[in-house]
Amino acid sequence: MRPGAAVLAVSSLLVLGVGPPLRAAPLPDRMAYTGGGTQLITAVAPEPASTTGTVTWWDREDGRWVKAGSAPARFGANGLVEGAVRKQGTDTTPTGLYGLPYAFGIKAAPRGTAYTYRRVHRDSWWCQDNDSRSYNRWTEPRAADCRAAESEQLITYRAQYAHALVIDFNYERPVRGRGAGIFLHVDGRGATAGCVSVPKDAMRRILTWADPAKRPHIAVGTKSGTTAVTRY
């Protein structure tokens with residue numbers, strides 16, 4: 001082949017669209033909104049019926065989103081559903097973009113954790129009773145108007161709540177019947193009741209990475225369709 005012929009051949013292929021594909025922009029750059037901060041967690045499932053997927057955490061550096069880490073994720077036993085129409089007790093993970101108000105755990109916070117971290121005690125409860133004034137709130141001890149059968153005694157979930165972050169789904173202005181107690185927490189034995197879970201080492205890494213001063217959010221969704229994470 002004469003000198004320069006190989007270069008011409010490759011150039012021709014690129015012009016015809018046969019060359020290597022362009023690298024896709026990082027996922028946060030393809031989202032409608034990322035919360036306005038410089039940290040973001042994405043929790044993405046292949047489709048609404050999926051119970052597994054991937055959690056990735058990102059930093060915005062010099063105007064670009066850079067992946068800081070990733071881990072396999074688990075979702076609700078009945079998949080994912082649009083957060084605005086979710087119903088309590090359906091074992092579905094709500095999709096959407098949410099803040100992360102504070103962290104908690106049965107174990108002490110990993111060294112380097114910057115988030116406000118609340119330790120779980122024997123009388124720590126998360127109220128899920130729709131008739132209680134403490135609906136979708138931590139109560140310690142359990143509120144008098146919050147039935148135990150309609151609440152979680154946090155210490156009984158020793159694996160899952162070793163470390164966790166509160167997801168502010170239905171948290172600021174709770175809508176009764178939409179759901180309570182949605183967290184990012186450590187994996188249990190299988191799919192969740194509506195939370196997002198990751199392996200214990202990943203949860204510890206997320207807690208030492210997350211900086212409330214950088215206003216991290218979590219975006220939960222699917223790869224495509226009406227619950228695509230890029231819509232949020």
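In this short talk I go through the cysteines, the two largest pockets and one helix of this structure, which is a predicted model.

Let me begin with the cysteines. The structure holds one disulfide, and the two residues that form it are cysteine 127 and cysteine 146, whose sulfur atoms are 2.2 Å apart. As for its geometry, the torsion about the S-S bond is about 115°, so the disulfide formed by cysteine 127 and cysteine 146 is right-handed. If we ask where the two partners sit, cysteine 127 belongs to strand 8, residues 125-127, whereas cysteine 146 is found in the loop that runs between strand 9 (137-139) and strand 10 (151-153), so the bond ties together parts that are 19 residues apart in sequence. Both cysteine 127 and cysteine 146 are buried.

What, then, of cysteine 195? Cysteine 195 takes part in no disulfide, and the nearest cysteine sulfur, which is that of cysteine 127, lies 15 Å away, a separation to set against the 2.5 Å within which two sulfur atoms are counted as a disulfide. Cysteine 195 is also buried, with a relative accessible area of 6%.

Cysteine 195 brings me to the pockets, since Cys195 is among the residues that lie nearest the centre of the largest pocket, together with Glu152, Gly181, Ala193 and Gly194. The volume of this largest pocket is about 330 Å³, and its lining is made up of 26 residues, which divide into seven nonpolar, 13 polar and six charged.

The second largest pocket has a volume of about 150 Å³. Its lining consists of Gly83, Ala84, Leu97, Tyr98, Asp168, Phe169, Asn170 and Arg178, and by character these residues divide into four nonpolar, two polar and two charged.

Finally, I turn to helix 2, which spans residues 200-209 and in which Ala202, Met203, Ile206, Leu207 and Trp209 are buried. How are these buried residues arranged around the helix axis? Seen down the axis of helix 2, they fall within an arc of 165°, so they line one face of the helix. The face of helix 2 that is turned away from this buried side carries Lys200 and Asp201, both of which are exposed.

To close, I would keep three points in view: the right-handed disulfide between cysteine 127 and cysteine 146, the buried cysteine 195 that is in no disulfide and lies among the residues nearest the centre of the largest pocket, and helix 2, with its buried residues along one face and Lys200 and Asp201 exposed on the face turned away.

Technical notes. Residues numbered from 1 in each chain as written. Predicted model: local features only at pLDDT ≥ 70, side-chain atom pairs only at ≥ 80, totals over all residues. Heavy atoms only, no water. Helix = DSSP H or I, 4+ residues; strand = E, 2+ residues; numbered from the N terminus. Buried < 20%, exposed > 50% of the residue type's maximum accessible area, 1.4 Å probe, protein only. 1 Å grid on protein atoms, 1.4 Å probe; cavity = no way out; pocket = protein on both sides within 12 Å on 5 of 7 lines; lining within 4 Å. Points joined across faces, edges and corners; volume = space filled by probe spheres on them. Nonpolar A, V, L, I, M, F, W, Y, C, P; charged D, E, K, R; others polar. Arc of directions from axis to C-beta.
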